[in-house]
Structures are given as structure tokens and as C-alpha cells.
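Here are my notes on the model you sent round. Please read them with the structure open.

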Amino acid sequence: MTRRVRMALSAALLLGGMTTLAGCSVADNVVGGVVDEVRGGVDDAVTDVLGGAGVSTDGNVPNGFPTDAVPLTGTVAGGGAGTDATGWVVRTTLANAGEFAAAQTALEGAGFEGSAVNADETSGFGTFTSDRYTVILTVTTGSDDVVTATYVVTPAA
């Protein structure tokens, strides 16, 4: 696993933990601000993983995204692609964070094996691997109550 992928994974894990804390009424304001900052850090880490490619919001999967192998749940908001098919990111919007289970089921139905999977009523995280790809999936509920799924997809090592 490259340093960039580990960095994105670490940021995603931190984001998942922070969104879990966001449900506590005492810490809502403080944690909500931190979640927004961490989400920005995840965006930066994703950009690093993709070799400087930006994440778009054009409503389409990025060029070369393996739609035949990686099922997506929700409405596509945008994405980005690394050079030479080194990786992709796709963001979708979901009706609620409970749809993480549907995304997990879709990936497992397509032959992915889940690990480090954890979800609650506001967030979800998991790493899913197949013989062709690794997918890091995070589901977060923003302070604006918009639920976003972020798929970071890299070719299997």
C-alpha cells in the first residue's frame, strides 16, 4: 500500500470516527466544525492519491472508471481519475447513511470482500477487495445533513 493510499485511508478512518462523535449533543458544534475540516483533509488526500487530479462535481463518473466491476449506490455527484488508470474517486449522494448497507451488499454481490467495515446511523466505512480492485468506501453525514458516499478505487496490488 502506497504512502498516499495509507494517508487517504487514515484520513477516512479519522473522518468516520469524528462523524460518529458528531451525534453527541454536547459536542455537536465543536465536532461539527472538526468534521468539516477533516472532510477537507480527505479531499486533499484524495487529490494526492490521484496524482494531483481534482475531484469534480459534474454528475459523471470519471473517464475510465470500472463501472462494470465496481457498483455504485446513490446519485453520482462527480469524481476524478488518476493518470494511467492508477485510481479513481467517485462521490455519490444518498438518501440516508443507512444506505451504506446497500452499498456494502452491492460490492459484496460483485465479488468484493469487506474488511474493517463499521457503520452507524450517521456514517460508514469499509475496505472492499476483489482480484481486480480495492475500494475504500466512506459514508458521511455533513453538518448540512447531506449524506455523501465516497468511493476511492485503486487497481489490486
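**Notes on the sheet and the helix across it**

1. Strand E3 (residues 113–119) pairs with strand E4 (residues 123–129) in the antiparallel sense, over five bridges. The two strands form a hairpin, with three residues between them. One of the bridge pairs is Ala119 with Gly124 in E4. Please keep in mind that this is a predicted model.

2. The wider setting is an open sheet of six strands, in the order E1-E2-E6-E5-E4-E3 and with antiparallel pairing. Strand E1 (75–81) and E3 are at the edges; each has a single partner strand, so one side of each lacks a neighbour in the sheet. On average, neighbouring strands of this sheet are turned by 15° against each other, direction ignored.

3. Within the sheet, E5 and E6 run antiparallel and are joined by nine bridges. Ile136 has Val152 in E6 standing opposite. As general background, strands of a sheet pair through backbone hydrogen bonds, either parallel or antiparallel.

4. Where does helix H3 lie? H3 lies across E3, E4, E5 and E6, and runs at about 5° to E4. The buried residues of H3 pack against E3, E4, E5 and strand E6 (147–155).

5. Which residues of helix H3 (residues 100–109) are buried? They are Phe100, Ala103 and Leu107. These residues are on the same side of H3, because they cover an arc of only 60° around the axis. Thr105 and Gly109 are exposed, and are carried on the face of H3 turned away from its buried side.

6. Just after H3 comes Gly111, with a positive phi of about 100°. Gly111 is also among the residues that Ser130 touches, which leads to the next point.

7. Ser130 deserves a look of its own. Its place is in the loop between E4 and strand E5 (133–141). Is Ser130 buried or exposed? With a relative accessible area of 17%, Ser130 counts as buried, because the cut-off for buried is under 20%. Not counting residues up to four places away in sequence, Ser130 touches Gly111, Phe112 and Ala156. The side chain of Ser130 also reaches the backbone nitrogen of Arg132, at 3.1 Å.

Note on methods. Residues are numbered from 1 along each chain as its sequence is written. This is a predicted model: local features need pLDDT of at least 70, side-chain atom pairs count only at pLDDT 80 or more; totals for chains, interfaces and linings use all residues. Side-chain values use heavy atoms; hydrogens and water are left out. Two strands pair if DSSP finds at least two bridges between them. Helices (H or I, at least four residues) and strands (E, at least two) are DSSP runs, numbered from the N terminus. Buried means under 20% relative accessible area, exposed over 50%, partly exposed in between (1.4 Å probe, protein chains only). A polar contact is a pair of N or O atoms within 3.5 Å; within protein, one must be able to donate a hydrogen and the other to accept it, and residues adjacent in sequence count only if both atoms are side-chain atoms. Contact means heavy atoms within 4.5 Å. The arc is that of the directions from the helix axis to the C-beta atoms. Axes are lines fitted to C-alpha atoms, for helices over the stretch in contact, and angles run from 0 to 180 degrees between N-to-C directions.
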